[in-house]
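Here is a quick tour for anyone meeting this structure for the first time. Take a look at it, then read on.

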Amino acid sequence: MSISSLLGVGLLGVDIADDAVRVIELRRRRGTLSCRHCGSAALAAGVMLEGNVEDMQGLADALRLAHRDSGSPCNRVALAMPATALITHAIRLPAGLPEEQLEILVELEAAQYMPFALEDASLDFFILGPAPPLAGQTGSEIDVLLVAARRASVQRRLDAAKAAGLTPVIMDSEALALQAALAQGGWQALPDGGLSYQLAWGLAMHRYAR
């Protein structure tokens, strides 16, 4: 689903940490983002281990409780993968390619960097912009950030959310979500400086095409 299709539609940012689940929904008034709903639920020991889902039902129960605690009627969610579960690599590709051809080249490049089979991967990429020209280069190129994760790891988070009655629409990286939250800063108005909701805030910002 494209980001633009989410505009005007409620979205919960969901932070799945090892100790707790935290959710937040934002609203924008006069250009300023603020918290509409937020909630949390503790995770029992062993449900999550270093970012990996060990107990699917335990996570689903916590997600359901956090959603209920928030009081939000929204069930569309943005999730994230931890950096430890992601493989990232910057690559250079020819500029001006059709999207279908670009996707094929990204997959070919990805196969060189992943320690597991391509069919076992969830793959995404982001165009960073024009690449600096190299000596003797004749055509223009773009820098592309390749991001991959084991499909099974991604699917466990999606399945837990669905079991909790939620509808995942975005899977982000925790690093990018935190970066977005730090740049915006509205979470600081929450109790205790909002540090515990920083990641969820960054994910919830997807509603506004951050």
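## The sheet and what lies across it

This is a predicted model, and a good place to start is its open sheet of 5 strands, which has the order 3-2-1-6-10 and mixed pairing. Strand 3 (32-42) and strand 10 (167-173) are at the edges with a single partner strand each, so one side of each has no neighbour in the sheet. On average, neighbouring strands here are turned by 25° against each other, ignoring direction.

How do strand 6 and strand 10 run, and how many bridges join them? They run parallel, and 6 bridges join strand 10 to strand 6 (residues 76-81). One such pairing links V77 with P168 in strand 10.

Two helices lie across this sheet's strands. Helix 3 (residues 151-163) lies across strand 1 (12-16), strand 6 and strand 10, at about 150° to strand 6. Helix 4 (residues 174-184) lies across strand 1, strand 3, strand 6 and strand 10, and runs at about 85° to strand 10.

## A closer look at helix 3

Helix 3 has 13 residues and spans 18 Å from first C-alpha to last, close to the 18 Å expected at 1.5 Å a residue. Which of its residues are buried? They are V154, R157, L158, A160 and A161. These cover an arc of only 160° around the axis, which puts them on the same side of helix 3. The face turned away from that buried side carries the exposed residues A152 and K162. After the helix comes G165, with a positive phi near 85°.

## Salt bridges

The whole structure has 5 salt bridges. Here are three of them, with the distance between N and O atoms.

| Acidic partner | Basic partner | N to O distance |
|---|---|---|
| E25 | R36 | 3.9 Å |
| D61 | R64 | 3.0 Å |
| E141 | R92 | 2.9 Å |

With E25 in strand 2 (residues 20-29) and R36 in strand 3, their salt bridge ties together parts that are 11 residues apart in sequence. E25 counts as buried because its relative accessibility is 5%, while R36 is partly exposed at 38%.

D61 and R64 are 3 residues apart in helix 1 (residues 56-70), so about one helical turn separates them. D61 is partly exposed at 32% relative accessibility, and R64 is partly exposed at 28%.

E141 sits in strand 9 (residues 141-150) and R92 in strand 7 (residues 86-94), so this pair ties together parts 49 residues apart in sequence. Finally, D15, D19 and R22 are joined into one network by salt bridges that share partners. D15 belongs to strand 1 and is buried, at 7% relative accessibility.

Definitions and conventions: Residues are numbered from 1 along each chain as its sequence is written. This is a predicted model: local features need pLDDT of at least 70, side-chain atom pairs count only at pLDDT 80 or more; totals for chains, interfaces and linings use all residues. Side-chain values use heavy atoms; hydrogens and water are left out. Two strands pair if DSSP finds at least two bridges between them. Helices (H or I, at least four residues) and strands (E, at least two) are DSSP runs, numbered from the N terminus. Axes are lines fitted to C-alpha atoms, for helices over the stretch in contact, and angles run from 0 to 180 degrees between N-to-C directions. Contact means heavy atoms within 4.5 Å. Buried means under 20% relative accessible area, exposed over 50%, partly exposed in between (1.4 Å probe, protein chains only). The expected span of a helix is 1.5 Å times one less than its number of residues. The arc is that of the directions from the helix axis to the C-beta atoms. A salt bridge is a side-chain nitrogen of Lys or Arg within 4 Å of a carboxyl oxygen of Asp or Glu.
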